[in-house]
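Trainee: Could you take me through one part of this model closely, in a single connected account? I would like to understand the backbone there before turning to anything else.

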Amino acid sequence: MKRPEMTFLPQNQSVPIIEGSSVLETALRNKIPLAHSCGGMGSCTTCRVFVEKSVENLNPRTEVEEDIIEGRGFAHNERLSCQLNALPGLVVRIPSNPI
Ligand code: FES
């Protein structure tokens, strides 16, 4: 049986998901470079990604995420990877210009 995976762009790299892990944790576990200045505490926004597939299945923004993005004009599919659960079939794009 195939293990559940998610995909990172622009690398176009699909990696296995461990249930309960964030997208940031999944990236780092698989050596995919993703900025994370605050270490996943939800206070820096450097870990943002754009969700390109499975937007409808995402966990709602956490209170921490809502607070830090307030007034920053984030798009509906622009999420903090440290606050976003990794899901099977999820595709995220890492921006070339981290904040
Ligand atoms: S690592 Fe800082 S907000 Fe996600």
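Mentor: Let us start with Lys 31, which sits in the loop between helix 1 (23-29) and strand 3 (48-53), bearing in mind throughout that the model is predicted. The backbone of Lys 31 has a phi near 60°, a positive value in a residue other than glycine. As for its surroundings, Lys 31 has a relative accessibility of 75%, and because exposed means over 50%, the residue counts as exposed.

The loop between helix 1 and strand 3 also holds Thr 45, and here too phi is positive, at about 70°, although Thr 45 is not a glycine. The relative accessibility of Thr 45, however, is 1%, and since the limit for a buried residue is under 20%, Thr 45 counts as buried. This loop therefore carries a positive phi at Lys 31, which is exposed, and another at Thr 45, which is buried.

For context from other parts of the chain, the loop between strand 1 (5-9) and strand 2 (13-16) is the place of Pro 10, and the peptide bond leading from Leu 9 into Pro 10 is cis, with omega near 10°. Elsewhere, helix 2, spanning residues 63-69, contains Glu 66, which gathers with Glu 63, Asp 67 and Glu 70 in a surface patch of negative charge. Glu 66 has a relative accessible area of 41%, and because partly exposed covers the range between the 20% and 50% limits, that is how Glu 66 is classed.

Methods:
Residues are numbered from 1 along each chain as its sequence is written. This is a predicted model: local features need pLDDT of at least 70, side-chain atom pairs count only at pLDDT 80 or more; totals for chains, interfaces and linings use all residues. Side-chain values use heavy atoms; hydrogens and water are left out. Patches are made of residues with over 30% relative accessible area and no salt bridge: like charges are joined within 9 Å, nonpolar side chains (Val, Leu, Ile, Met, Phe, Trp, Tyr) within 5 Å. Accessible areas come from the Shrake-Rupley method with a 1.4 Å probe; for residues, only the protein chains shown count as cover. A salt bridge is a side-chain nitrogen of Lys or Arg within 4 Å of a carboxyl oxygen of Asp or Glu. Lys and Arg count as positive and Asp and Glu as negative; His and the chain ends are not counted. The place of a charge is taken as NZ of Lys, CZ of Arg, CG of Asp or CD of Glu. Helices (H or I, at least four residues) and strands (E, at least two) are DSSP runs, numbered from the N terminus. Buried means under 20% relative accessible area, exposed over 50%, partly exposed in between (1.4 Å probe, protein chains only).
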